[in-house]
Amino acid sequence: MPINIPKHLPAGELLRKEKIFVMEEDRAKTQQIRPLNILVFNLMPEKEKTELQLLRLLGNTPLQVDVTFLNTATYESKNVSKSHLDTFYRTFDQVKHRRFDGLIITGAPVEKMDFEDVGYWNEITHVMDWADEHVTSIMYICWGAQAALYHHFGIGKFELPKKCSGVYSHVITDLTVDLVRGFSDEYVAPHSRHTSVSIDEVRAHPDLRLLSYSDDAGVFIVQSKNNKHIMITGHLEYDATTLSDEYFRDIEKDPDNTEIPINYFPNNDPLQAPKNVWRAHSHLLFYNWLNYYVYQETPYEWHYVDENIEYHI
């Protein structure tokens, strides 16, 4: 089945070249199919790259997926054109009356800041609170995962001595959980962050389940015990070259304090092209999320039972 995207979205042509079945919204409306409605709150600076990465994974399922992109109203993005945002993105006020089957909140380049010092923190928390009533399942990525752990479960973050950047080996704590169904006993995934959360605090929290971790990179996949919140501290959605792009960007800004990503470049040589060795588990994670936590848990038609609740930013 196709992924439904806004007409003329630049990522659409790239997805077609990758043989991913893309259907623009005009044609999708003619089909008598109840698609899954997924909201993507894209906080990443290079939004078009993140759009492509997430759409590629959301489009690799037998389910029809209708994607809406959400942007901050309280902060103006600097790395994407206003025209792109005006054409393809919505603000919270434009979608708060709706219900969605799934929500993805991405990472953001603000992880060294205290949460309350982030300019759009109030907007983020409003969306997270709204999602508790209006969304079936929420996936949080990198800083988004840390924000959710802090806001919903009171678990803070701490700054690392050096950036956690590279491809790390992870283990699964319980292979019977649907989110990691089909995962290998050990697998690799990329991380790119300056902060982390305490694995002991996650394990001790009565409402959380630690599903996967790395001896070197720490906490990776955390799930709330009611299955509504899924927090991924790394970047399984990354392309093969994303860490490379970040490395060369960082080394240009601060060459003395930028280290080569761990287990990433062949022979640890930045001049050699890296390979995507996490792709299979990326697709599997998103497939499992859409199938077990979105499609199988969401009603065919949402019933609006909380019409009197108002959310304002």
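# A quick tour of the model: strand S6 and its surroundings

Strand S6 covers residues 100–105, and six of its six residues are buried. Keep in mind as you look around that this is a predicted model. From S6 we'll move to some aromatic rings, then to a buried glutamine, a helix and two asparagines.

**Strand S6 and its partners**

- On one side of the pairing list is strand S3 (residues 36–41), which runs parallel to S6 and is joined to it over four bridges.
- To find that pairing in the structure, look for Val40, which stands opposite Ile104 in S6.
- S6 also pairs with strand S7 (residues 135–141), again in the parallel sense, and here there are five bridges.
- For this pairing, look for Leu103, whose bridge partner in S7 is Ile138.
- How do S6 and S7 fit together with helix H6 (residues 121–134)? The three make a right-handed β-α-β unit.
- A handy general point when you look at strands: in a regular one, the side chains alternate between the two faces of the sheet.

**Phe69, a neighbour of Val40**

- Phe69 belongs to strand S4, which takes in residues 65–70.
- Is Phe69 buried or exposed? Its relative accessible area is 2%, which is under the 20% cut-off, so Phe69 counts as buried.
- Phe69 and Val40 are 29 residues apart in sequence, yet their C-alpha atoms are 4.9 Å apart in space.

**Aromatic rings**

- How many aromatic pairs does the structure hold? There are 16.
- Take Phe115 and Tyr150: their ring centres are 4.6 Å apart and their planes are at 20 degrees, so this pair is stacked.
- This pair links distant parts of the chain, with Phe115 in the loop between S6 and H6, Tyr150 in helix H7, and 35 residues separating them.
- The two partners aren't covered to equal degrees: Phe115 is buried, with a relative accessible area of 4%, whereas Tyr150 is partly exposed at 29%.
- Tyr150 also forms an aromatic pair with Trp121, this time a tilted one, with 6.1 Å from centre to centre and 50 degrees between the planes.
- That second pair links distant parts of the chain too: Trp121 is in helix H6 and Tyr150 in helix H7, 29 residues apart.
- Trp121 has a relative accessibility of 6%, so it counts as buried.
- Which residues make up the aromatic cluster here? Tyr75, Phe115, Tyr120, Trp121, Trp143 and Tyr150 form one cluster.

**Charges over rings**

- Phe115 turns up again here, since the charged end of Lys157 sits over its ring, 4.8 Å from the centre.
- Elsewhere, Arg203 lies over the face of Tyr213, at 5.1 Å from the ring centre.

**Gln146 in helix H7**

- Gln146 sits in helix H7, which runs over residues 143–153.
- With a relative accessible area of 2%, Gln146 is buried.
- What does Gln146 touch, leaving aside its neighbours within four places in sequence? The contacts are Glu111, Phe115, Ile155, Lys157, Arg193, Thr195, Ser196 and Val197.
- Two names in that list should ring a bell: Gln146 is in contact with both Phe115 and Lys157, and Lys157 is the residue whose charged end sits over the ring of Phe115.

**Helix H9**

- Helix H9 (residues 242–253) has twelve residues, which at 1.5 Å a residue should span 16 Å; the end C-alpha atoms are 17 Å apart, so the two values agree.
- Which residues of H9 are buried? They are Thr242, Leu243, Ser244, Glu246, Tyr247 and Asp250.
- Those buried residues pack against helix H3 (47–58), strand S8 (157–172) and strand S9 (186–197).
- As background for any helix: an α-helix has 3.6 residues a turn, so residues three or four places apart point the same way.

**Two asparagines with positive phi**

- Asn227 has a phi near 70 degrees, a positive value in a residue other than glycine.
- You'll find Asn227 in the loop between strand S11 (218–224) and strand S12 (229–232), and at 33% relative accessibility it counts as partly exposed.
- Asn268 isn't a glycine either, and its phi is positive at about 60 degrees.
- Asn268 lies in the loop between H9 and helix H10 (279–295), and its relative accessibility of 45% makes it partly exposed.

Key
Residues numbered from 1 in each chain as written. Predicted model: local features only at pLDDT ≥ 70, side-chain atom pairs only at ≥ 80, totals over all residues. Heavy atoms only, no water. Buried < 20%, exposed > 50% of the residue type's maximum accessible area, 1.4 Å probe, protein only. Contact = heavy atoms within 4.5 Å. Pairing = 2+ DSSP bridges. Right-handed = clockwise from strand over helix to strand, strands pointing away. Phe/Tyr/Trp six-rings, centres within 6.5 Å; stacked < 30°, edge-to-face > 60°. Lys NZ or Arg CZ within 6 Å of the ring centre and 35° of its normal. Expected span 1.5 Å × (residues − 1).
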